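Good morning, and thank you for the time in today's meeting. Please turn to the structure now being shown, and I shall go through its features in order.

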Amino acid sequence: MATETSVTDQEVSEKLKGLELAKRPEQSLTGRAVYWIGVMFAIAHIYFNTLGTWSELYVSAIHFGGFALMCGLMVPMFKGGSEAKQKLGLVLDVLLGIAAIVCALYLIGFEDALYDRGVKFAQWDWVFSVCAIFIALEMARRTTGWFIPCLILAALTYVFWWGKYIDGIFGFAGLSLETLLYRSYFSSEGMFGQIARISWTYVFMFILFGAFLVKSGAGDFIIDLSRCAAGRFVGGPGFVAVLGSGLMGSVSGSSVANTVSTGVITIPLMRKAGFPARFSAGVEAAASTGGQLMPPVMGAGAFIMASYTQISYLDIIAIAALPALLYFLSVGFFVRVEAKRSHAHAVELDTRPIGEVFKEGWHFLLPLVVLVALLIYGFTPTYAAGLSIISVIVSSWLSKNPMGPKAILDALAQGSKNMATTAMLLISVGLVVNVVAMTGIGNTFSLMVTDWASGSLFITLVLVALASLILGMGLPVTAAYIVLATLSAPALYGLMAESRLLDMIVEGTLPEAAKTIFMLVDMEKVALLSAPMAEADARALLDLVPADFKGQLLEQAMAPEVLAMILLSAHMIIFWLSQDSNVTPPVCLTAFAAAAIAKTPPMATGFTAWKVAKGLYIVPLLFAYTNFIGGTAMEVFSIFIFAVFGLYAFVGFMEGYLEGKLNIVLRIICGALAVALLWPHGEVLINLVSAALFAVIFMYSRRFADSEGSAA
């Protein structure tokens, strides 16, 4: 493809810069100021999260003020223009940052005075609350574009202005502007509420932990280990991309950053091995997207999920590990198939024995061991992250390049820089979440989704997937998850719980306590609950229960831990589907970044990445219809093993290739086997037979390929 290779390295660099925020140079006076502000702010956050006892509202306000200042200094108001315009922009940015700090200090200093007045706004209350919201909107515009500010403005004005002019279920009588500003700025429900608290606790501490790991050299060790472990296989560079991106993503939590940092190594290696350029870029984009599914960081998703579901962070990352592995295996299957089809050859990536590489860098794993051990022992995630940062420094002293004072300061500054844009995003999105809570529009949306789906869980999943794709075109993944979870998680949870309840009624295993709810509805129907019945009859019986009693019925029918796992499944589905905007055209920044490195057409690369990342859509179906989350160890591993076979069969069906080319009959059979292995029928015998048949087809394709002279 001559058009691909004609692109120069300089043009590639320009394309990558186009995907990044325009930032002021780090070596400038402003850049050095950002460095030292970042160092001091990181130290302050470590104190707040370990030894500090300050009010959460006050810390959230300080978090906003400091990162607004950093963000203003890092990301200029004006992109390009004359030198005079740039100087004017710098002055305005400094003033805006100072204003953000003053807004934070005003909240701390005058909150009590507001309550002494009976929550009646004085003149300066109006000024500072409006100013704080404006700064949050402006910083969100700089870091993510116009979509989030417009969404926030639409949400805020809905509360006090145009909501009362809407007829139907979305009509809202309205609140006063004073009430809106109070709840947005002074209360612990708005921009300094739950989402901001998650930002300055879990998210900041783990981003800082990741910055220390990278600075210590752990990133290089991960790449070296991946190249040594996977490089010797046929198509090894592809597996390096999958393994390296997964491991890097587990600590970085950013898909685009993951793509750029690992893709510059893996994509050229894949091309050298014989993989098509577009496929190489697609694999890197898909693998880097999966990095946000990999514990422990999960792109901040695990922390927000823990806050929403009240399930411990440790439990969430433990549960998320196998599904994430399943996703990376699905990407790896595409790599294997393409390696055989393209006759990709082995590339000597690292001739050292894997034991030697591990021996040189084993100490980089110690901080992760410390982190997990502290979490298991019972430390809070933030405290565990703080101690793990110390362990990074100590473990680096076992390497050839121990971290000294300069490296520690660099890591502190880099952690704050990495956090600045994320902090402003989360604080801004908190305004939308507050509006959803104030107006009850979340419940309305959930009822509407349920009504559209007519009680169908599958249609609900399709609607959530479409909503996540649309939101993902304008929102970053974390923001899309927060908004979508706030709006649709109740509906998804309700349908999944009712599906489980319906199974209990069909099987005649409904507990006696739950039957008392039906006594309030129809005494004559209660006797039917003691025996199995047809699904249609069970559905008709369940429909008799008023919506107000459904929650109580679920609590009586199922144990609290079962309901908690159903709720986690709903959030995990939404979180997984929120990732698809990274690899799904028309807006897929991760694929665009990979395309810039591979010198391939961005949109075509996006479609390739979308194909390779099919696990993003298949695995959530397992969350919805099986006990993959919350089941017994035997159930979970059984689902995992058969899903591995099912995903490989699905790849064979999609590609028409395994170890060799499949004819149309075998391709259709692979599709049928994929459905049989992934479908939640609960019949182990069917799964065993299907897995055996797939193994036969796999071996047949291998023998056929050998007879054709293909590389084994």
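Glycine 508, just after helix α22, takes a positive phi of about 75°. This is a predicted model, and I shall begin with the helix that precedes this glycine. Helix α22 covers residues 477–507 and has a kink of about 55° at serine 488, shortly before proline 490. Is α22 enclosed by the rest of the structure, or open? Of its 31 residues, 24 are buried, so α22 is largely enclosed by the rest of the structure.

Helix α12, residues 255–273, offers a second kink of about 55°, centred on glycine 263. Glycine 263 is among the buried residues of α12, which also include Asn258, Thr262, Thr266 and Met270. Following α12 comes glycine 274, with a positive phi near 115°.

I turn next to the aromatic residues. A pair of aromatic rings is described by the distance of the centres and the angle of the planes. The count of aromatic pairs in this model comes to 37. In one of them, the ring centres of tyrosine 327 and tryptophan 576 are 6.1 Å apart and the planes stand at 85°, so the pair is edge-to-face. Tyrosine 327 belongs to helix α15 (residues 313–341) and tryptophan 576 to helix α26 (residues 560–578), so this pair ties together parts that are 249 residues apart in sequence. Both residues, tyrosine 327 and tryptophan 576, are buried. By contrast, phenylalanine 623 and phenylalanine 628 form a stacked pair, with 6.2 Å from centre to centre and 25° between the planes. Phenylalanine 623 and phenylalanine 628 are buried as well.

There is also an aromatic cluster, made up of Phe64, Phe121, Trp126, Tyr185, Phe186 and Phe192. Trp126 appears again in a nonpolar patch on the surface, together with Trp124, Val127, Phe160, Trp161, Trp162, Tyr165 and Leu177. The accessible area of this patch is about 840 Å² in total. Which helix gives the most to the patch? It is helix α6 (residues 123–144), with 3 residues. Tryptophan 162 sits in the loop between α7 (147–160) and α8 (177–186), and its relative accessibility of 31% is why it counts as partly exposed.

Charged side chains also lie over aromatic rings. Lysine 614 lies over the face of tryptophan 610, 3.5 Å from the ring centre. Arginine 141 does likewise over tryptophan 146, at 5.6 Å. Arginine 141 is also part of a network of salt bridges with Asp93, Glu138 and Arg142.

Finally, the salt bridges, of which the count comes to 17. How far apart in the chain are the partners glutamate 26 and lysine 417? Their side chains meet at 3.9 Å, N to O, and the residues are 391 apart, with glutamate 26 in the loop between α2 (9–19) and α3 (29–50) and lysine 417 in helix α19 (residues 405–439). Lysine 417 has 11% relative accessibility and therefore counts as buried.

Another salt bridge, also at 3.9 Å, N to O, brings together glutamate 659 and lysine 340. Glutamate 659 lies in the loop between α30 (633–655) and α31 (664–678), and lysine 340 in helix α15, so this pair ties together parts that are 319 residues apart in sequence. Glutamate 659 is buried, with a relative accessible area of 1%, and lysine 340 is buried too, with 4%.

Note on methods:
Residues are numbered from 1 along each chain as its sequence is written. This is a predicted model: local features need pLDDT of at least 70, side-chain atom pairs count only at pLDDT 80 or more; totals for chains, interfaces and linings use all residues. Side-chain values use heavy atoms; hydrogens and water are left out. The bend at a residue is the angle between axes fitted to the seven residues ending there and the seven starting there. Helices (H or I, at least four residues) and strands (E, at least two) are DSSP runs, numbered from the N terminus. Buried means under 20% relative accessible area, exposed over 50%, partly exposed in between (1.4 Å probe, protein chains only). Patches are made of residues with over 30% relative accessible area and no salt bridge: like charges are joined within 9 Å, nonpolar side chains (Val, Leu, Ile, Met, Phe, Trp, Tyr) within 5 Å. Accessible areas come from the Shrake-Rupley method with a 1.4 Å probe; for residues, only the protein chains shown count as cover. A salt bridge is a side-chain nitrogen of Lys or Arg within 4 Å of a carboxyl oxygen of Asp or Glu. Rings of Phe, Tyr and Trp (its six-membered ring) pair if their centres lie within 6.5 Å; planes under 30 degrees apart count as stacked, over 60 as edge-to-face and the rest as tilted. A charge sits over a ring if NZ of Lys or CZ of Arg is within 6 Å of the ring centre and within 35 degrees of the ring normal.
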